[in-house]
Amino acid sequence: MVESVNNSRNRIADRILALLPTLGVDDSPIIQFSVRGWIALVEETVVHWLADPSVPRNDILDLLNGSLVGILLGPKLMGDGAIEQLFPEFTKPITERMPHTDADHQDDSKAS
(Lines give C-alpha, C1' and ligand atoms only; values in the text may rest on other atoms or scores of the structure.)
Protein backbone atom coordinates (compact mmCIF):
# COMPACT_ATOMS: atom_id res chain seq x y z
CA MET A 1 0.00 0.00 0.00
CA VAL A 2 2.84 2.40 0.83
CA GLU A 3 4.29 1.85 -2.63
CA SER A 4 0.93 2.64 -4.21
CA VAL A 5 0.60 5.88 -2.23
CA ASN A 6 4.16 6.92 -3.11
CA ASN A 7 3.56 6.13 -6.78
CA SER A 8 0.44 8.26 -6.73
CA ARG A 9 2.30 11.15 -5.05
CA ASN A 10 5.11 10.85 -7.60
CA ARG A 11 2.66 10.99 -10.51
CA ILE A 12 0.96 14.08 -9.05
CA ALA A 13 4.31 15.78 -8.45
CA ASP A 14 5.50 14.93 -11.96
CA ARG A 15 2.34 16.38 -13.49
CA ILE A 16 2.67 19.62 -11.54
CA LEU A 17 6.39 19.92 -12.24
CA ALA A 18 5.77 19.34 -15.96
CA LEU A 19 3.25 22.20 -15.98
CA LEU A 20 5.43 24.74 -14.17
CA PRO A 21 7.64 25.80 -17.12
CA THR A 22 4.48 26.83 -18.99
CA LEU A 23 3.80 29.20 -16.05
CA GLY A 24 7.31 30.64 -16.11
CA VAL A 25 8.51 28.67 -13.07
CA ASP A 26 11.91 27.04 -13.46
CA ASP A 27 12.36 23.56 -12.06
CA SER A 28 14.85 23.32 -9.21
CA PRO A 29 15.40 21.13 -6.16
CA ILE A 30 13.67 23.68 -3.90
CA ILE A 31 10.66 23.78 -6.23
CA GLN A 32 10.52 19.98 -6.20
CA PHE A 33 10.55 19.99 -2.38
CA SER A 34 7.90 22.69 -2.40
CA VAL A 35 5.58 20.74 -4.69
CA ARG A 36 5.94 17.58 -2.60
CA GLY A 37 5.21 19.57 0.55
CA TRP A 38 2.12 21.02 -1.10
CA ILE A 39 0.90 17.49 -1.89
CA ALA A 40 1.15 16.67 1.83
CA LEU A 41 -0.81 19.85 2.61
CA VAL A 42 -3.51 18.79 0.15
CA GLU A 43 -3.74 15.31 1.65
CA GLU A 44 -4.03 16.58 5.23
CA THR A 45 -6.50 19.31 4.29
CA VAL A 46 -8.77 16.90 2.42
CA VAL A 47 -8.68 14.31 5.22
CA HIS A 48 -9.53 17.00 7.77
CA TRP A 49 -12.27 18.46 5.55
CA LEU A 50 -13.85 15.02 5.05
CA ALA A 51 -14.06 14.63 8.82
CA ASP A 52 -15.23 18.22 9.35
CA PRO A 53 -16.87 19.72 6.25
CA SER A 54 -17.67 23.00 8.01
CA VAL A 55 -15.84 24.95 5.30
CA PRO A 56 -17.45 25.00 1.84
CA ARG A 57 -15.73 22.84 -0.78
CA ASN A 58 -14.99 25.82 -3.05
CA ASP A 59 -13.25 27.60 -0.17
CA ILE A 60 -11.05 24.55 0.35
CA LEU A 61 -10.22 24.50 -3.37
CA ASP A 62 -9.36 28.22 -3.26
CA LEU A 63 -7.15 27.61 -0.22
CA LEU A 64 -5.28 24.77 -1.92
CA ASN A 65 -4.88 26.56 -5.26
CA GLY A 66 -3.72 29.73 -3.56
CA SER A 67 -1.31 27.84 -1.34
CA LEU A 68 0.35 26.24 -4.37
CA VAL A 69 1.00 29.71 -5.78
CA GLY A 70 2.35 30.82 -2.41
CA ILE A 71 4.58 27.79 -2.08
CA LEU A 72 5.99 28.33 -5.57
CA LEU A 73 6.59 32.05 -4.90
CA GLY A 74 8.05 31.51 -1.43
CA PRO A 75 11.67 30.80 -2.40
CA LYS A 76 11.76 33.77 -4.80
CA LEU A 77 10.20 36.15 -2.29
CA MET A 78 12.63 35.08 0.41
CA GLY A 79 15.60 35.44 -1.94
CA ASP A 80 14.53 38.87 -3.18
CA GLY A 81 13.92 40.22 0.32
CA ALA A 82 10.29 40.90 -0.55
CA ILE A 83 9.03 38.97 2.47
CA GLU A 84 10.93 41.28 4.83
CA GLN A 85 9.46 44.32 3.08
CA LEU A 86 5.91 42.97 3.17
CA PHE A 87 6.10 41.29 6.58
CA PRO A 88 8.96 42.68 8.70
CA GLU A 89 8.12 40.27 11.54
CA PHE A 90 9.26 37.38 9.33
CA THR A 91 12.87 38.41 9.95
CA LYS A 92 12.56 37.38 13.60
CA PRO A 93 13.16 33.76 14.60
CA ILE A 94 9.88 31.85 14.84
CA THR A 95 10.44 31.24 18.57
CA GLU A 96 10.18 34.99 19.14
CA ARG A 97 6.87 35.18 17.27
CA MET A 98 5.14 32.18 18.84
CA PRO A 99 2.66 32.98 21.59
CA HIS A 100 3.48 31.32 24.88
CA THR A 101 0.94 29.12 26.62
CA ASP A 102 0.62 27.90 30.20
CA ALA A 103 1.96 24.54 29.01
CA ASP A 104 5.16 26.26 27.84
CA HIS A 105 5.72 27.67 31.32
CA GLN A 106 5.10 24.27 32.93
CA ASP A 107 7.74 22.72 30.67
CA ASP A 108 10.21 25.45 31.68
CA SER A 109 9.72 24.71 35.39
CA LYS A 110 10.35 20.99 34.82
CA ALA A 111 13.64 21.73 33.06
CA SER A 112 15.09 23.62 36.05
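Here are some short questions and answers about the helices and the core of this predicted model.

The model is predicted, so local features need pLDDT of at least 70 and side-chain atom pairs count only at pLDDT 80 or more, while totals for chains, interfaces and linings use all residues. Residues are numbered from 1 along each chain as its sequence is written, and side-chain values use heavy atoms, with hydrogens and water left out.

Reader: Which helix gives the most to the largest nonpolar core?

Author: A nonpolar core is a set of buried Ala, Val, Leu, Ile, Met, Phe, Trp, Tyr and Cys residues joined through side-chain atoms within 4.5 Å. Helices here are DSSP runs (H or I, at least four residues), numbered from the N terminus. This core has 14 residues, and α1 (2-19), α2 (29-51) and α3 (57-80) each supply at least two of them. The top giver, with five residues, is α2.

Reader: Okay, and what does leucine 72 touch, leaving aside its neighbours within four places in sequence?

Author: Leucine 72 sits in helix α3 and is one of the core members that touch the most others. Its relative accessible area is 15%, so it's buried (under 20%; exposed is over 50%, partly exposed in between, with a 1.4 Å probe and protein chains only). Counting contacts as heavy atoms within 4.5 Å, leucine 72 meets Leu20, Ile31 and Val35.

Reader: How are α2 and α3 oriented to each other: roughly parallel or roughly antiparallel?

Author: Two packed helices are described by the angle between their axes and the distance between the axes. For α2 and α3 the angle is about 160 degrees, and the axes are 9 Å apart (axes are lines fitted to C-alpha atoms over the stretch in contact, and angles run from 0 to 180 degrees between N-to-C directions). Angles over 145 degrees count as roughly antiparallel, and under 35 as roughly parallel. So α2 and α3 are roughly antiparallel.

Reader: Why does serine 34 count as buried?

Author: Serine 34 lies in helix α2. Leaving aside neighbours within four places in sequence, serine 34 is in contact with Ile71 and Pro75. It counts as buried because its relative accessibility is 13%.

Reader: Which residue's backbone oxygen lies 2.7 Å from a polar atom of the threonine 45 side chain?

Author: Threonine 45 is in helix α2 too, and it's buried, with a relative accessible area of 14%. Beyond four places in sequence, threonine 45 touches Ile60, Leu63 and Leu64. The backbone oxygen at 2.7 Å from its side chain belongs to leucine 41.

Key
Helix = DSSP H or I, 4+ residues; strand = E, 2+ residues; numbered from the N terminus. Polar contact = N/O pair within 3.5 Å; in protein donor to acceptor, adjacent residues only side chain to side chain. Parallel < 35°, antiparallel > 145°, perpendicular 65-115°, else oblique.
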